[in-house]
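Q: Could you take a close look at one unusual backbone spot for me, and then carry on from there to the contacts between the chains? I'd like a connected account that I can follow with the model open on my screen.

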Amino acid sequence: QDSFNWRMTNAYGPGSPFYVEGPGSPTDFCDKVAAMSGGRLQIQHFAAGELIPALEGFDAVRGGAVQMNAANAYFWAGRIPAAQYFTTVPFGMNFQGMNAWLYHGGGMELWDELYAPLGLKALPMGNTGVQMTGWFREPIESVADFQDLKMRIPGLAGKVYAELGVDVRLLPGGEIFPALERGVIDAAEFVGPYQDRRLGLQNAASYYYTTGWAEPSNTTELLIGLEAWNSLPADLQAIVTAAATACNLESHAWSEAVNGEAMTDLVENQGVIANVLPPEVVAELKSVTETVLADAAAADPDLQRVHDSYMGFMAEHKTWAALSEKVLFEL
Amino acid sequence: MPMMEILALCMIGAFFLLLLAGVPVAICLGVTGLAFGYAGFGGMLFTLMPSRIFGVVTNYTLLALPLFIFMGIMLEKSRIAEDLLEVIGLAMGGLRGGMALAIILVGVLMGAASGVVGATVVTVGLIALSPLLRRGYDTGVAAGIICASGTLGQIIPPSLVLILLADIMGESVGTLFAAALFPGLMLAGLFVAYILILGIVSPDSVPAIPAEERAEVSGRDLAVRLVKVVLPPIALIALVLGSIIGGVAAPTEAASMGAFGALVLAALAGRLNWPTLRETVRSAFVTSAMVFLILIFAQPFGLAFRGLGGERLVQDAFGAMPGGLNGQLLFLMILLFVLGFFLEWIEISYIALPLFLPVFLASGVDMAWIAILVGMNLQTSFLTPPFGWALFFLKGVAPPEVKTSQIYRGVLPFIAIQLFGLVLVFLFPGLALWLPEAIGW
Amino acid sequence: MTVFLKTVADIASGIVRIIGQVTAWSGLALVLLVAFNVLGRYLFNFGTVGLQELEWHVLAVSALFGMSYCLNQGGEVRVDIYYGRMGPRAQAAVDLFSSIALVVVSLIIAWLSIGFVEQSYSIGEGSADPGGLTHRYILKACIPVAFLLLALQALAMTCEAAVRLLTPKTEA
Ligand code: NA
Ligand code: NA
């Protein structure tokens with residue numbers, strides 16, 4: 001029987017919980033695959049910076065020098081605008097809805113369709129669950145408070161905030177803390193309670209807004225070179241698929257577990273004030289988001305197709321969720 | 001030992017041979033990396049090289065490098081720096097080593113304003129080396145004090161090293177910044193003590209400005225000159241630091257305040273004419289490129305080291321690790337120190353730390369303390385010959401008559417001092433842990 | 001022979017010098033740009049994503065094109081413990097080896113990066129951030145161009161070292 005030695009690069013640095021280490025993480029995925037295949041498929045994992053810089057995995061897999069890369073699809077938005085939708089969409093679906101769309105609502109077919117011409121294939125391999133709005137030095141009471149607010153916020157959400165007068169700042173992860181602590185920026189979005197506490201953001205700002213309207217869930221992308229994938233026998237392909245699915249579930253379960261603990265600790269022991277944005281602010285964000293998404297979709301036919309599929313599925317799923325989970329939460 | 005690991009060792013050996021033969025550092029790195037990498041794993045992995053190079057030249061945090069260098073060259077060209085050290089030397093009176101003490105202070109201030117390796121060494125080297133030599137300082141001592149003061153910025157926050165360690169070790173950046181403050185200042189203090197002792201033991205290596213020359217300058221005259229020449233550069237550094245503390249700029253972009261400020265300063269002093277500007281622009285370009293050339297050509301070497309499984313050499317060494325927390329820590333320190341002879345700090349951190357992390361996590365010791373020990377150790381590795389970044393950077397801006405051997409010899413005492421500082425933090429963890437505890441970070 | 005080599009060296013290093021003198025201004029542009037972004041944000045709440053991204057675009061151009069100009073101006077760093085004690089011909093031999101090695105390394109890297117640029121060009125890569133800069137392949141194309149320029153500078157150094165090696169010992 002053939003055996004394979006592959007390489008996987010990662011957009012996140014060594015040691016990052018969830019993104020690199022821990023239950024359902026990419027390194028866990030590599031271990032799982034090795035165990036399930038009896039060592040026939042060995043994947044050597046390289047965190048960001050070990051083999052290539054953080055955001056170069058897409059080209060590396062495309063070029064064939066590595067077979068897999070772990071990241072978030074929205075990092076490739078400059079290459080494939082529609083890739084955004086395979087990570088998260090502002091005011092979009094949570095973990096359940098996103099997976100329902102990907103696995104059974106046509107999401108993965110669209111993903112394959114977009115990536116195949118580039119010699120790529122992708123699988124969902126993790127999810128952070130609901131993220132947070134972010135950290136603010138001053139409370140947000142109305143939309144007017146967004147005017148000239150300096151915020152570290154990447155991606156589509158940044159565009160939405162910008163429309164409401166926010167001054168969007170791009171800063172590398174390591175400079176978020178010093179910049180927020182000194183007031184160079186007034187607000188910052190990072191991940192969720194566990195990861196944010198690890199960065200120490202609670203020592204830089206006290207207002208922690210919820211919920212993650214910008215990232216209601218966040219899918220980890222396992223990117224695979226199509227040529228490498230096709231070279232695998234069917235049983236190894238099945239093992240890779242199953243391990244990715246297992247990580248998708250396990251990483252989310254782990255996130256739910258540690259975020260609960262972290263949130264409680266932040267609020268009860270570290271003086272953090274957790275709050276929901278005022279309803280009229282959320283409404284405004286939502287309406288701007290719709291315009292921003294529609295405009296982006298209109299500019300790119302692929303994006304339009306994915307947008308329509310996602311939104312169509314979400315409308316249906318919302319009807320169901322409103323009668324199931326929403327009711328359940330309010331019991 | 002597998003073939004690949006033997007090749008990795010050969011690559012390191014060949015690198016040292018070429019380096020000692022006088023082949024430029026960048027070319028040594030590039031040619032050994034490509035040759036041994038190709039021999040080991042063929043061409044495929046090298047298709048990743050453009051990605052690595054792109055990563056270096058678009059690295060946001062490296063913005064501080066050309067910005068600080070611009071400031072340094074501007075200060076040098078407009079002769080502000082030279083006047084500064086002269087006046088400080090005069091003001092220190094008969095105290096031997098006075099100018100060196102001023103350089104330590106500049107190192108601390110620059111270190112508090114920047115976290116990038118090359119930026120501080122190059123800038124301090126640019127402004128301080130020539131004046132020191134002209135005043136009769138021993139070349140080795142001058143080079144040593146500049147390299148050592150310049151690398152202080154690696155431990156004094158903000159610091160790229162600490163940001164990376166925070167990421168790897170799961171500590172918050174703020175905690176590490178707070179933990180590093182006292183150890184960093186302590187090192188500076190140790191340097192000061194060394195210079196003062198040197199002034200007594202070996203007065204000729206750190207001479208004071210001759211008494212007759214000092215006598216020519218009246219106290220009143222000196223006071224005026226102090227205000228006129230000391231104020232502007234201090235104001236520049238204060239501008240950079242102030243813009244960080246005052247919430248005007250994030251650490252990396254704050255460097256622009258220094259560079260822009262230097263332009264404004266030169267303009268105000270009426271020294272900003274076309275030839276000066278052109279000269280400044282060109283030599284800042286060359287000096288930044290000197291640093292980038294080495295960083296860029298380190299990429300084939302780093303890629304080959306990885307591709308040849310060089311990290312397995314470290315893993316093998318790890319297998320020989322002694323038991324007990326102190327033994328393990330000592331082992332890590334020695335390993336980091338040895339790796340510092342031929343690898344750059346990012347590669348070292350990525351290769352060695354993940355191996356040791358589980359051991360330290362299981363032992364339950366404070367990771368912030370470990371991080372500071374690692375940070376101080378890495379900082380020392382900038383100074384260790386033959387492959388010390390700080391040494392190369394200083395060589396790059398030094399006049400040709402300054403020889404590598406003088407620089408190598410000059411840093412030795414400072415390496416010893418840093419190791420002594422490391423031992424102090426090891427014996428008294430409170431040096432690092434007290435501040436974060438006290439301010440609740 | 002030596003006349004020919006000298007001519008090649010002069011032409012090649014002349015080209016590198018002129019391009020270097022022009023691209024050197026990117027350093028000043030960087031100072032002004034970053035300062036503008038900082039002060040604009042602080043004083044007038046002005047700033048755009050595109051201008052922030054421009055910072056590291058300019059940095060990349062500066063770093064890449066600086067390489068050849070740095071060597072052109074004699075900015076290379078070497079360990080001179082033994083080199084310093086060598087005779088002129090031995091030094092010329094080391095320099096000849098170094099510069100030939102550099103020609104080869106630069107050409108290989110330039111060649112390797114063509115695929116990197118093509119990948120970017122084929123999908124019209126731009127910024128992943130809305131409001132960011134487009135046409136990223138232009139920036140990426142600076143890599144092969146800069147390394148070709150570096151190879152040209154290395155060629156000049158090769159010729160120059162060969163001349164020193166070929167010239168009989170007649171120095172004063
Ligand atoms: Na620093
Ligand atoms: Na070293």
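A: Phe18(A) lies in the loop between strand 1 (4–10) and helix 1 of chain A, and it is a good place to start in this predicted model. Phe18(A) is not a glycine, yet its phi is positive, at about 75°. Most residues other than glycine have a negative phi.

Follow the chain into helix 1 (residues 26–36) of chain A, where Asp28(A) and Lys32(A) sit 4 residues apart, so they are separated by about one helical turn. Their side chains meet in a salt bridge, with N to O at 2.7 Å. Side chains of opposite charge can pair when their charged atoms come close. Counted over all chains, the model has 23 salt bridges.

Chain A has another backbone feature to look for, this time in a peptide bond. The bond from Thr210(A) to Thr211(A) is cis, with omega near 15°. Thr211(A) belongs to the loop between strand 9 (207–210) and strand 10 (219–225) of chain A. Most peptide bonds are trans.

Now turn to where chain A meets chain C. Here 22 residues of chain A are in contact with 18 residues of chain C. Between them the two chains bury about 1800 Å², and 48% of that is on carbon and sulfur atoms. Arg79(A), Arg169(A) and Leu170(A) supply 29% of the area that chain A buries against chain C, more than any other three residues.

What charged and polar links cross from chain A to chain C? There are 2 salt bridges between these chains, and 12 residue pairs in polar contact, both residues being at pLDDT 80 or more. Among the salt bridges is the one between Asp59(A) and Lys140(C), whose closest N and O atoms are 3.3 Å apart. On the chain A side, at least two residues each come from helix 2 (57–63), helix 5 (155–163) and strand 7 (167–169). Helix 2 of chain A gives the most, with 4 residues. By type, this side of chain A divides into 10 nonpolar, 3 polar and 9 charged residues.

On to chain C itself. An unreviewed UniProt entry lists residues 22–44, 56–72, 93–117 and 137–156 of chain C under "transmembrane region". In the model, residues 93–117 of chain C are 100% helix and 0% strand, with the end C-alpha atoms 36 Å apart. Residues 137–156 of chain C are likewise 100% helix and 0% strand, and there the end C-alpha atoms lie 29 Å apart.

Chain C also touches chain B, and this contact takes 60 residues from chain B and 57 residues from chain C. Together chain B and chain C bury about 5100 Å², 82% of it on carbon and sulfur atoms. The count of salt bridges between these two chains is 2. One of them joins Lys395(B) to Asp80(C), with 3.4 Å between the closest N and O atoms. Alongside these, 8 residue pairs are in polar contact between chain B and chain C, both residues at pLDDT 80 or more.

Which helices of chain B supply two or more residues to the side that touches chain C? They are helix 1 (3–21), helix 2 (25–41), helix 3 (49–57), helix 4 (64–77), helix 13 (251–268), helix 14 (274–307), helix 19 (389–397) and helix 20 (404–427) of chain B. Helix 14 of chain B gives the most, with 14 residues. The residues on this side of chain B divide into 44 nonpolar, 11 polar and 5 charged.

Finally, look at the stretch of chain B between helix 18 and helix 19. Pro386(B) is in that loop, and the peptide bond leading to it from Pro385(B) is cis, with omega near -5°. The sodium ion (ligand 2) is coordinated at 2.2 to 2.9 Å by Gly340(B) (O), Ser381(B) (O), Thr384(B) (O), Thr384(B) (OG1) and Phe387(B) (O). Along the chain, these donors follow the spacing G-x40-S-x2-T-x2-F. The site links distant parts of the chain: Gly340(B) is in the loop between helix 16 (325–339) and helix 17 (345–363), while Thr384(B), 44 residues apart from it, is in the loop between helix 18 (367–381) and helix 19 of chain B.

Conventions:
Residues are numbered from 1 along each chain as its sequence is written. Chains are lettered from A and ligands numbered from 1 in the order in which they are written. This is a predicted model: local features need pLDDT of at least 70, side-chain atom pairs count only at pLDDT 80 or more; totals for chains, interfaces and linings use all residues. Side-chain values use heavy atoms; hydrogens and water are left out. UniProt positions are given in the numbering used here, feature names are shortened, and annotations may be inferred rather than shown by experiment. Contact means heavy atoms within 4.5 Å. Buried area is the accessible area (1.4 Å probe) that two parts lose on being put together, summed over both. A salt bridge is a side-chain nitrogen of Lys or Arg within 4 Å of a carboxyl oxygen of Asp or Glu. A polar contact is a pair of N or O atoms within 3.5 Å; within protein, one must be able to donate a hydrogen and the other to accept it, and residues adjacent in sequence count only if both atoms are side-chain atoms. Ala, Val, Leu, Ile, Met, Phe, Trp, Tyr, Cys and Pro count as nonpolar, Asp, Glu, Lys and Arg as charged, and the others, Gly among them, as polar. Donors are N, O and S atoms within 2.8 Å of the metal (3.2 Å for Na, K and Ca); water is not among the atoms, so sites may look incomplete.
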